[in-house]
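This report covers the surface, the fold and the nonpolar core of one protein chain. The sequence and model are shown first.

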Amino acid sequence: MSMFIRVLGFARTSLKSTITKRDAPVRFISSSRTCFQEEEEEAEGTANEIVVDPAKDRRQVIPVETSIRYMLSNAYKQTYGNDPVWKVYRRNHKGQLPPRKTRKTCVRGGIISTGNPCPICRDEYLVLDYRNVKLLEQFISEHTGEILSYEKTGICQRRYKQLLVAVLRAKEFGTLTLDVPLREYDYSEWYKEQKQA
């Protein structure tokens, strides 16, 4: 019995010593490393800033009012003319057949990450919002009143979701009214026999 108590006492002291030996250095090392890491990150942040091409930088948020003024400006007319913004866009892809879906997003981390961004992402002054009715009307079919698919327009999935939300909000707020034109047809050519009888 005394032998068993000595073994338990020895195990307890060795376990206690290993725990205390591991705790003190680990705390000391980890706390000292974090201080050094913070100092290094501050020094690297000022010295190694990433230089981004201004044409690909999308971190600055453009207000909707600026986008509406841009849609009415001569710069917009020179760039797009009377056509919708998506009409001249052609997406680069491998092979003969285009993929069924467009890319998920063109902008990652506020910077354009692709060589051929979608029609909305490539022009920073095009903002999808329910107040920008002139832009939203370009993505709505004039014959059916439905939103054109991303396969036809070529916009990325993120912008397509924003487009759906903007069109629904515009309908709710009443800034966008979609009236499909009613056509009158003359059916007299089809029913001549019935009229004569």
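About 15600 Å² of the protein chain is exposed, and carbon and sulfur atoms supply 54% of that area. The model is a predicted one. Of the 197 residues in the protein chain, 27% are buried.

One nonpolar surface patch, of about 570 Å², is made by Tyr185, Tyr187, Trp190 and Tyr191. Trp190 lies in the loop between H7 and helix H8 (192-196). With a relative accessible area of 70%, Trp190 counts as exposed because the cut-off for that class is over 50%.

The protein chain contains eight helices and two strands. Their order from the N terminus is α-α-α-β-β-α-α-α-α-α. Among contacts with a separation of 6 or more, 69% join residues 24 or more positions apart.

In soluble globular proteins, nonpolar side chains tend to be buried together. Here the largest nonpolar core has 30 residues, and those with the most contacts inside it are Val85, Ile120, Leu126, Leu135, Phe139, Ile155 and Leu163. The elements that each give two or more residues to this core are listed below.

| Element | Residue range |
|---|---|
| helix H2 | residues 64-71 |
| helix H3 | residues 74-80 |
| helix H4 | residues 119-122 |
| helix H5 | residues 133-136 |
| helix H7 | residues 157-173 |

H7 provides the largest share of the core, five residues.

Which residues does Val85 touch, leaving aside those up to four places away in sequence? They are Tyr76, Tyr80, Pro119, Ile120, Arg122, Leu126, Leu135, Gln138 and Phe139.

Note on methods. Residues numbered from 1 in each chain as written. Predicted model: local features only at pLDDT ≥ 70, side-chain atom pairs only at ≥ 80, totals over all residues. Heavy atoms only, no water. Helix = DSSP H or I, 4+ residues; strand = E, 2+ residues; numbered from the N terminus. Buried < 20%, exposed > 50% of the residue type's maximum accessible area, 1.4 Å probe, protein only. Contact = heavy atoms within 4.5 Å. Areas by Shrake-Rupley, 256 points an atom, 1.4 Å probe, with all protein chains shown as cover. Core = buried A, V, L, I, M, F, W, Y, C linked by side-chain atoms within 4.5 Å. Patch = residues over 30% accessible without salt bridge, like charges linked within 9 Å, V, L, I, M, F, W, Y side chains within 5 Å. Salt bridge = Lys/Arg side-chain N within 4 Å of Asp/Glu carboxyl O.
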